[in-house]
Amino acid sequence: MTTRTKKRVVKVAGRHGDPADTTEEPAEPVEEPATSPRKRRAPLVFAAVAVVMAALAVWFTVEARDTNAVVAHNTALSDVSGTADAGKQISAALGTLFSYRYDDPARNDRAAKDLLTGPALAQYTRLFGQVRQLAAEQKLVVTSTAVASGVKLLDGDRAALLVFLDQTGTRGDGQRSTGAAQLSVTAERIDGKWRITGMSAA
């Protein structure tokens with residue numbers, strides 16, 4: 001451990017009119033406070049949970065369709081009812097897909113087939129095994145809730161949204177962790193039901 005020393009000036013009286021001589025004496029070492037072991041451990045407390053939470057946040061790395069191009073029939077602002085319906089259905093779907101119980105993986109399999117289509121479903125199927133393994137090791141239960149959403153595009157049966165999710169994970173040993181995800185989502189309405197076609201981190 002490093003220590004710091006303070007220099008102390010001692011004046012020695014000399015002859016009248018002569019400047020005083022000075023000498024320097026080392027002072028007592030000043031101990032620097034040690035880093036608290038508790039503080040060192042703090043970032044590691046939920047490290048294992050964070051790994052799974054991060055995996056859940058990127059379940060879908062499917063690149064979203066380009067919605068920045070000019071769209072002739074964007075009714076997101078004028079079709080209030082249609083916009084609200086798309087936002088409600090897709091937000092609920094995300095909450096279901098991003099919630100997970102280690103002891104009921106079949107629930108997510110069913111939800112994926114019902115709520116996803118196209119590239120999003122293929123990507124989910126490929127990555128879900130990794131999430132399942134990590135969650136089983138930790139006996140993890142994750143609850144996700146869509147706390148806000150905004151419809152950027154509504155063009156007939158196509159929609160693009162920005163959705164914010166809050167997530168809470170609880171391990172088998174009782175430790176908890178929280179996280180958040182911001183997703184750019186594309187969806188299609190098929191037989192009156194909105195299904196997610198792509199997602200990317202926003």
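**Exercise 1. Place K139 in the chain and describe its backbone and exposure.**

K139 sits in the loop between α5 (119-138) and β6. The model is predicted, and the solution works from its coordinates.

Step 1. Read the backbone angle. K139 has a positive phi of about 55° and is not a glycine.

Step 2. Set this against the general rule. Most residues other than glycine have a negative phi.

Step 3. Classify the exposure. The relative accessibility of K139 is 46%. Buried requires under 20% and exposed requires over 50%, so K139 counts as partly exposed.

**Exercise 2. Carry out the analysis of Exercise 1 for D191.**

Step 1. Locate the residue. D191 lies in the loop between β8 and β9 (193-201).

Step 2. Read the backbone angle. The phi of D191 is near 55°, which is positive in a residue other than glycine.

Step 3. Classify the exposure. D191 has a relative accessibility of 81%. The cut-off for exposed is over 50%, so D191 counts as exposed.

**Exercise 3. Is S144 buried or exposed, and which residues does S144 contact?**

Step 1. Locate the residue. S144 belongs to strand β6, which covers residues 141-155.

Step 2. Classify the exposure. With a relative accessibility of 7%, S144 is buried, because buried means under 20%.

Step 3. List the contacts. With neighbours within four places in sequence left aside, S144 touches G95, F98, S99, D166 and Q167.

Step 4. Look for a polar contact. The side chains of S144 and Q167 make one, at 3.3 Å.

**Exercise 4. Where is T186, and how far is its C-alpha atom from that of T197?**

Step 1. Locate the residue. T186 is part of strand β8, residues 176-190.

Step 2. Classify the exposure. T186 has a relative accessible area of 5% and is therefore buried.

Step 3. Give the distance. T186 and T197 are eleven residues apart along the chain, and their C-alpha atoms are separated by 5.6 Å.

**Exercise 5. Describe how α4 packs against α3 and against α5.**

Step 1. Choose the descriptors. Two packed helices are described by the angle between their axes and the distance between the axes.

Step 2. Apply them to α3 and α4. The axes of α3 (residues 80-97) and α4 (residues 105-115) come within 9 Å and cross at roughly 155°. Angles over 145 degrees count as roughly antiparallel, so α3 and α4 are roughly antiparallel to each other. Their crossing is left-handed. On the α3 side the contact uses A93, T96 and L97, and on the α4 side R107, N108, A111, A112 and L115.

Step 3. Apply them to α4 and α5. Here the axes are 11 Å apart and the angle is about 170°. The pair α4 and α5 is therefore roughly antiparallel as well. The contact involves P105, N108, D109, A112 and K113 of α4, together with L121, Y124, F128 and R132 of α5.

**Exercise 6. Summarise the whole protein chain.**

Step 1. Count the elements. The protein chain has five helices and nine strands. Along the sequence they follow the pattern β-β-β-β-α-α-α-β-α-α-β-β-β-β.

Step 2. State the burial. Of the 202 residues in the protein chain, 33% count as buried.

Step 3. State the contact range. Among contacts between residues at least 6 apart in sequence, 62% join residues at least 24 apart.

Step 4. State the surface. The accessible surface comes to about 12400 Å², and 53% of this belongs to carbon and sulfur atoms.

Terms used:
Residues numbered from 1 in each chain as written. Predicted model: local features only at pLDDT ≥ 70, side-chain atom pairs only at ≥ 80, totals over all residues. Heavy atoms only, no water. Helix = DSSP H or I, 4+ residues; strand = E, 2+ residues; numbered from the N terminus. Buried < 20%, exposed > 50% of the residue type's maximum accessible area, 1.4 Å probe, protein only. Polar contact = N/O pair within 3.5 Å; in protein donor to acceptor, adjacent residues only side chain to side chain. Contact = heavy atoms within 4.5 Å. Areas by Shrake-Rupley, 256 points an atom, 1.4 Å probe, with all protein chains shown as cover. Axes fitted to C-alpha atoms, helices over the stretch in contact; angles between N-to-C directions. Parallel < 35°, antiparallel > 145°, perpendicular 65-115°, else oblique. Left-handed = near helix turned anticlockwise from the far one by under 90°.
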